[in-house]
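Colleague: I have a model open on my screen and would like to know what stands behind the words people use for it. Can you take me through the reasoning?

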Amino acid sequence: MDQVASKIVARMMTANLISKNDAEEYIYGVQILLEKIISYATILLLALILNRLLEIILFVVSFSLIRKYSGGIHCKRFETCLIASAAVSISGVFIFPLVENRILLYQGGGDNVNNNCYSCWRYQQPQYRLEQLRI
């Protein structure tokens with residue numbers, strides 16, 4: 001990846017778009033840009049193959065926002081990062097249906113938080129019940 005970025009920056013220098021003093025910074029920036037493009041293109045290609053495009057797009061956007069503020073693991077090599085990112089994206093989409101497409105929302109407060117259950121939620125008072133929503 002470093003060689004491709006170096007060639008792109010060399011062409012930019014011959015076109016007098018950047019100075020030789022800034023070449024290293026541009027090489028680093030172009031390398032990061034290329035890696036991100038390849039990563040997202042690979043994940044989108046896998047999404048198309050698996051027929052899960054919308055789910056993976058939503059997962060990647062959500063996960064990227066979380067990672068932006070919480071940090072994460074940084075791999076030493078791009079290939080490892082690509083495999084890890086694709087695996088996390090694909091597994092995140094395929095694990096979600098295992099919860100049967102249900103989201104439980106706790107409404108209200110009170111002392112009986114731990115007493116809520118699936119079988120009796122309809123009979124509880126509205127301010128203490130769990131509601132089951134289908135996505």
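Modeller: Here we go through the helix pairs and then the largest pocket, and keep in mind that this is a predicted model.

Colleague: Why are α1 and α2 called oblique to each other?

Modeller: The axes of α1 (residues 2-14) and α2 (residues 23-50) cross at roughly 125 degrees. Angles of 65 to 115 count as roughly perpendicular and those over 145 as roughly antiparallel, and 125 fits neither class, so the pair is oblique.

Colleague: How do you know which residues of α1 and α2 make the contact?

Modeller: The test is heavy atoms within 4.5 Å. On the α1 side that gives Asp-2, Val-4, Ala-5, Ser-6, Ile-8, Val-9, Met-12 and Met-13, and α2 answers with Ala-23, Tyr-26, Ile-27, Val-30, Gln-31 and Leu-34. Sorted by type, they come to 11 nonpolar, 2 polar and 1 charged. Asp counts as charged, so Asp-2 is the charged one.

Colleague: Which hand does the crossing of α1 and α2 have?

Modeller: That crossing is right-handed. α2 also passes α3 in a right-handed crossing, and so does α3 with α4.

Colleague: What makes up the contact of α2 with α3?

Modeller: Tyr-40, Ile-43, Leu-44, Ala-47 and Leu-48 of α2 meet Leu-53, Ile-56, Ile-57, Val-60 and Ser-64 of α3. The split is 9 nonpolar, 1 polar and no charged. Ser is not on the nonpolar or the charged list, so it counts as polar, and Ser-64 is therefore the polar one here. The axes of this pair come within 8 Å and cross at roughly 145 degrees.

Colleague: And what meets what between α3 and α4?

Modeller: From α3 come Glu-55, Ile-56, Phe-59, Val-60 and Phe-63, facing Val-88, Ser-89, Ile-90, Gly-92 and Val-93 from α4. They divide into 7 nonpolar, 2 polar and 1 charged. Gly is counted among the polar residues, so Gly-92 is one of the polar ones. The axes of α3 and α4 come within 9 Å, crossing at roughly 115 degrees.

Colleague: Now the largest pocket: how much space lies in it, and which residues are closest to its centre?

Modeller: About 900 Å³. Of the 26 lining residues, Lys-36, Arg-67, Ile-73, Cys-81 and Ser-85 are the closest to the centre.

Colleague: Which helix gives the most to that lining?

Modeller: α2 does, with 8 residues, while α2, α3 (53-70) and α4 (78-95) each supply at least two. By type, the lining divides into 12 nonpolar, 8 polar and 6 charged.

Technical notes
Residues are numbered from 1 along each chain as its sequence is written. This is a predicted model: local features need pLDDT of at least 70, side-chain atom pairs count only at pLDDT 80 or more; totals for chains, interfaces and linings use all residues. Side-chain values use heavy atoms; hydrogens and water are left out. Axes are lines fitted to C-alpha atoms, for helices over the stretch in contact, and angles run from 0 to 180 degrees between N-to-C directions. Helices (H or I, at least four residues) and strands (E, at least two) are DSSP runs, numbered from the N terminus. Angles under 35 degrees count as roughly parallel, over 145 as roughly antiparallel, 65 to 115 as roughly perpendicular and the rest as oblique. A crossing is left-handed if the near helix is turned anticlockwise from the far one by less than a right angle, and right-handed if clockwise. On a 1 Å grid over the protein atoms alone, a cavity is a set of points where a 1.4 Å probe fits but cannot get out, and a pocket is an open set with protein on both sides within 12 Å along at least five of seven lines; lining residues have an atom within 4 Å of a point. Grid points are joined across faces, edges and corners, and a volume is the space filled by probe spheres set on the points.
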